[in-house]
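The following exercises call for a close reading of a protein–ligand model. Each task is followed by a solution in steps.

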Amino acid sequence: MTKPVVLVAEELSEAGLAVLGADFEVRHTDGADRSQLLPALADVDALIVRSATQVDAEAIAAAPKLRVVARAGVGLDNVDVEAATKAGVMVVNAPTSNITSAAEQTLALILASARNTAQAHAALKNGEWKRSKYTGVELDGKVVGILGLGKIGQLVAQRLQPFGVELIAYDPYLPPARAAQMGVKLLSLEEVIRQADFITVHLPKSKETLGLIGDKELHEVKPSVRIINVARGGIVDEGALYTAIKEGRVAGAGLDVFAKEPCTDSPLFELDQVVATPHLGASTHEAQEKAGTQVARSVKLALAGEFVPDA
Ligand code: MLT
């Protein structure tokens with residue numbers, strides 16, 4: 001009897017592959033390379049991706065046998081859920097697998113941005129002992145503005161409390177009383193932008209959030225503000241951010257995500273005030289193990305025609 005085919009288009013943890021076990025024919029491809037991905041989809045029953053594979057209408061049309069697309073992570077912005085649903089393809093993700101890792105990466109970038117850690121490290125390794133150049137700021141007493149108080153935003157708020165910061169947030173979907181229980185004051189986007197010393201983004205990428213922090217908003221911030229984005233590239237307009245830092249309207253930024261990825265060449269990388277990492281929010285052993293096992297379990301259930309509970 002032929003086994004159902006599972007196409008793994010990006011790296012999946014060993015633990016995830018172990019969950020798939022011997023019941024399936026597991027194939028691998030480079031999902032970021034369309035010339036490999038499209039032909040590889042011809043006879044697959046399931047597709048497992050992270051964020052580099054665009055599972056758009058064209059990819060779904062190239063996979064006539066496809067029954068389930070699994071996103072080993074939270075965001076579904078690289079999957080055309082509407083096209084999948086129309087084609088009768090189930091879409092599953094691992095919505096809590098990497099939230100702790102993403103929140104911890106946010107803290108890392110907030111602190112690195114406040115204390116010029118990456119820049120001072122690079123300078124020292126280059127033989128430069130520069131103490132005053134890399135004078136930073138404390139978090140204590142500062143106002144941190146969280147854009148999006150969902151699962152990750154909430155973990156970030158919780159982890160920031162012991163630093164003695166004042167927490168404010170913009171989240172149109174959360175009741176103010178719930179935010180207050182977490183010690184966070186809900187405000188309008190405009191107010192958060194005006195009051196914050198640090199702004200950290202925890203929103204999904206959508207038509208509504210793309211360019212949310214653009215030229216206009218970056219004219220309204222405090223010049224001491226540092227902007228952190230571990231959510232999705234494009235929510236903070238990269239061109240507007242570059243100009244704002246250059247003109248001294250923004251003090252710095254910590255960026256883990258970019259409008260176009262992979263991103264190895266950006267004007268932002270020329271700025272000493274920018275600390276950047278290559279979309280590492282979910283890149284921990286723990287998160288990858290959870291994401292891999294959660295989606296592998298969902299794929300197994302979906303291909304067996306069984307109910308797939310929320311992971
Ligand atoms: C997510 O949306 O969960 C992350 O971007 C995952 C990833 O790094 O692939």
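The exercises below treat confidence, the two sheets, the domains and the ligand shell in turn.

**Exercise 1. State which confidence scores accompany this predicted model.**

Solution. The structure is a predicted model. For the protein chain, the mean pLDDT is 97, and 100% of its residues reach 70 or more. The model as a whole scores ipTM 0.93 and pTM 0.95.

**Exercise 2. Determine the strand order of the five-stranded sheet, and explain why one side of each edge strand lacks a neighbour.**

Solution. Step one: the strands of this open sheet follow the order β2-β1-β3-β4-β5, and their pairing is parallel. Step two: β2 (25-28) and β5 (90-93) are the edge strands; each has a single partner strand, so one side of each is left without a neighbour in the sheet. Step three: direction ignored, neighbouring strands are turned by 20° against each other on average. Step four: β1 (residues 5-8) pairs with β2 in the parallel sense over four bridges, and Val-8 has His-28 in β2 as its bridge partner. Step five: helix α12 (residues 285-303) packs on the sheet and touches β1, β3 (46-49), β4 (68-71) and β5. The direction of α12 makes about 170° with that of β4.

**Exercise 3. Carry out the corresponding analysis for the open sheet of seven strands.**

Solution. Step one: the order is β8-β7-β6-β9-β10-β11-β12, with parallel pairing. Step two: β8 (184-186) and β12 (274-276) stand at the edges with a single partner strand each, so one side of each has no neighbour in the sheet. Step three: from one strand to the next, the twist averages 20°. Step four: three bridges join β7 (residues 166-170) to β8 in the parallel sense, and Ala-169 stands opposite Leu-186 in β8. Step five: helix α7 (residues 151-160) lies across β6 (143-147), β7, β8 and β9 (198-201), and runs at about 165° to β6.

**Exercise 4. Describe how the domains are delimited and how they meet.**

Solution. Step one: the domain assignment gives domain 1 as 5-97 + 285-303 and domain 2 as 99-276. Step two: the C-alpha centres of the two domains lie 31 Å apart. Step three: five residues of domain 1 are in contact with six residues of domain 2. Step four: the side of domain 1 that touches domain 2 has one nonpolar, two polar and two charged residues.

**Exercise 5. Identify the residues around the ligand and classify them.**

Solution. Step one: the residues around the ligand are Arg-50, Ser-51, Gly-73, Val-74, Gly-75, Asn-98, His-279, Gly-281 and Ala-282. Step two: by class, this shell has two nonpolar, six polar and one charged residues.

How values were computed:
Residues numbered from 1 in each chain as written. Predicted model: local features only at pLDDT ≥ 70, side-chain atom pairs only at ≥ 80, totals over all residues. Near = placed C-beta within 6 Å. Nonpolar A, V, L, I, M, F, W, Y, C, P; charged D, E, K, R; others polar. pLDDT = per-residue confidence, 0-100. Pairing = 2+ DSSP bridges. Helix = DSSP H or I, 4+ residues; strand = E, 2+ residues; numbered from the N terminus. Axes fitted to C-alpha atoms, helices over the stretch in contact; angles between N-to-C directions. Contact = placed C-beta atoms within 7 Å. Domains from an automatic or database assignment.
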